[in-house]
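Welcome to a short tour of a protein model. Have the sequence and the 3D view ready, and follow along as each part comes up.

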Amino acid sequence: MKMSSAVEQSLVVLVMLALQKDGLPVKSHVLSEHLEVSESYLRKTMRKLVVADLVKAIASKEGGFKLNRPTSDITLLDVYEAIEGEDSFIHSTQLADRVFPAKNSVAEGTKEVLSIIYEAEQDFKKRLKRTSIANLLEFAKEGEEIVDWR
């Protein structure tokens, strides 16, 4: 399994927005500067977070992005699925069926492998669901609880 860097960036952005003084919106160019990524790339990521209802985009002179839910209601699974999608990461191409002549044995083996991977995926998602952005904020150092990123 491979996870895109956009998941990590999204988690950092959500923590930044959670720490933003007075919950004020933060502009995409400010976020992209802190993350050291292009603004156009970050906007694509932010769009996914908006569609997933994790952040709100505010279009105005003082606008930008702010959290759309309490930090305790945003789990790592929410972020992962907003960026990577909700579909299973298990996709068999039936390669073994095409390569090996023993079709019944191959089918049984393939079924077993897919079952193991599916269980691992479910465990992975359960663990992500147990942790929220609020849990991540517990690691904020004293004196960094509130920041004005703007």
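The text below walks through a helix, a hairpin, a pair of helices and a few loop residues. Please keep in mind that this is a predicted model.

**A helix and its buried side**

Let us begin with helix α2, which covers residues 28–35. Which residues of α2 are buried? They are S28, V30, L31, S32 and L35. These buried residues pack against three other elements: α1 (5–19), α3 (39–51) and β2. If you are new to helices, one general idea helps here. An α-helix has 3.6 residues a turn, so residues three or four places apart point the same way.

Now zoom in on S28, which lies in α2. Is S28 buried or exposed? Its relative accessibility is 8%, and buried means under 20%, so S28 counts as buried. Beyond its neighbours within four places in sequence, S28 is in contact with E39, L42, R43 and F65. With R43 there is also a polar contact: the side chains of S28 and R43 are joined at 3.3 Å.

L31 is found in helix α2 as well. Its relative accessibility is 0%, so L31 too counts as buried. What does L31 touch, once neighbours within four places in sequence are set aside? The list is V13, M16, L17, V26, L42, M46 and F65. For a sense of scale, take L31 and L49: 18 residues separate them in sequence, and their C-alpha atoms are 14 Å apart in space.

**A hairpin of two strands**

Next, look for strand β1 (residues 55–58) and strand β2 (residues 64–67), which pair in the antiparallel sense over four bridges. One of the residues to find is V55, whose bridge partner in β2 is L67. How many residues lie between β1 and β2 in the hairpin they form? There are five. A general point is useful when you view strands: in a regular strand the side chains alternate between the two faces of the sheet.

**Two helices that cross**

Further along the chain, find helix α4 (residues 76–84) and helix α6 (residues 103–129). Two packed helices are described by the angle between their axes and the distance between the axes. Here the axes come within 6 Å and cross at roughly 120 degrees. The two helices are therefore oblique to each other. Where they meet, α4 brings L76, L77, Y80 and E81, while α6 brings F124, K125, L128 and K129. Sorted by type, the residues of this contact are five nonpolar, no polar and three charged.

**Residues with a positive phi**

Finally, here are three residues to look up in the backbone, each with a positive phi angle.

| Residue | Place | Phi |
|---|---|---|
| D22 | loop between α1 and α2 | about 60 degrees |
| E36 | just after α2 | about 55 degrees |
| D53 | loop between α3 and β1 | near 70 degrees |

D22 is not a glycine, yet its phi is positive, and D53 is likewise a residue other than glycine with a positive value. How open are these two to the outside? D22 has a relative accessible area of 64% and is exposed. D53, at 39% relative accessibility, counts as partly exposed.

Terms used
Residues are numbered from 1 along each chain as its sequence is written. This is a predicted model: local features need pLDDT of at least 70, side-chain atom pairs count only at pLDDT 80 or more; totals for chains, interfaces and linings use all residues. Side-chain values use heavy atoms; hydrogens and water are left out. Buried means under 20% relative accessible area, exposed over 50%, partly exposed in between (1.4 Å probe, protein chains only). A polar contact is a pair of N or O atoms within 3.5 Å; within protein, one must be able to donate a hydrogen and the other to accept it, and residues adjacent in sequence count only if both atoms are side-chain atoms. Contact means heavy atoms within 4.5 Å. Two strands pair if DSSP finds at least two bridges between them. Axes are lines fitted to C-alpha atoms, for helices over the stretch in contact, and angles run from 0 to 180 degrees between N-to-C directions. Angles under 35 degrees count as roughly parallel, over 145 as roughly antiparallel, 65 to 115 as roughly perpendicular and the rest as oblique. Ala, Val, Leu, Ile, Met, Phe, Trp, Tyr, Cys and Pro count as nonpolar, Asp, Glu, Lys and Arg as charged, and the others, Gly among them, as polar.
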